[in-house]
Amino acid sequence: GSIHIIRFARSIEAEVRKQDTALIRQLVEALDEATTYTASAMWSPSMTNECKELVAKGRVRLEGKP
């Protein structure tokens, strides 16, 4: 019945959240590494700053804050 549908929907939601979190973590790590090692040579200061802001926002998201 409807309880099975709700459980199924919740399991899908949990899987999507897990995948989103993994993707955000990968993006944060990649951007953080890029801004640390290559940005000064290849990117403009504004692009470097924008990436650092995205890293900070990603970390906040990973900590579970809105």
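The points below comment on a predicted model of a single chain.

1. Secondary structure. The predicted chain contains three helices and zero strands, and when it is read along the sequence the order of these elements is α-α-α. Helix α1 covers residues 2-37.

2. Overall dimensions. The radius of gyration of the chain is 17 Å, whereas a compact globule of 66 residues would be expected to have one near 11 Å. The extents of the C-alpha trace should be read alongside that value, since along the principal axes of the chain they come to about 60 × 20 × 15 Å.

3. Burial and surface. Of the 66 residues in the chain, 12% are classed as buried. The area that the chain exposes amounts to about 5500 Å², and 59% of this area is supplied by carbon and sulfur atoms.

4. Charge. The side chains include 10 that are positive and 9 that are negative, and a distance of 8 Å separates the centres of the two sets.

5. Nonpolar patch. A nonpolar patch on the surface is formed by Phe-8, Ile-12 and Val-16, which together have about 290 Å² of accessible area. Of these residues, Phe-8 deserves a separate remark: Phe-8 is located in helix α1, and its relative accessible area is 55%. Phe-8 is therefore classed as exposed, because that class begins over 50% relative accessible area.

6. Reading the points together. In this predicted model, a chain of three helices has a radius of gyration of 17 Å and counts 12% of its residues as buried, while Phe-8, Ile-12 and Val-16 form a nonpolar patch on its surface.

Methods. Residues are numbered from 1 along each chain as its sequence is written. This is a predicted model: local features need pLDDT of at least 70, side-chain atom pairs count only at pLDDT 80 or more; totals for chains, interfaces and linings use all residues. Side-chain values use heavy atoms; hydrogens and water are left out. Helices (H or I, at least four residues) and strands (E, at least two) are DSSP runs, numbered from the N terminus. The radius of gyration is taken over C-alpha atoms; the globule rule is 2.2 Å times the number of residues to the power 0.38. Buried means under 20% relative accessible area, exposed over 50%, partly exposed in between (1.4 Å probe, protein chains only). Accessible areas come from the Shrake-Rupley method with a 1.4 Å probe; for residues, only the protein chains shown count as cover. Lys and Arg count as positive and Asp and Glu as negative; His and the chain ends are not counted. The place of a charge is taken as NZ of Lys, CZ of Arg, CG of Asp or CD of Glu. Patches are made of residues with over 30% relative accessible area and no salt bridge: like charges are joined within 9 Å, nonpolar side chains (Val, Leu, Ile, Met, Phe, Trp, Tyr) within 5 Å. A salt bridge is a side-chain nitrogen of Lys or Arg within 4 Å of a carboxyl oxygen of Asp or Glu.
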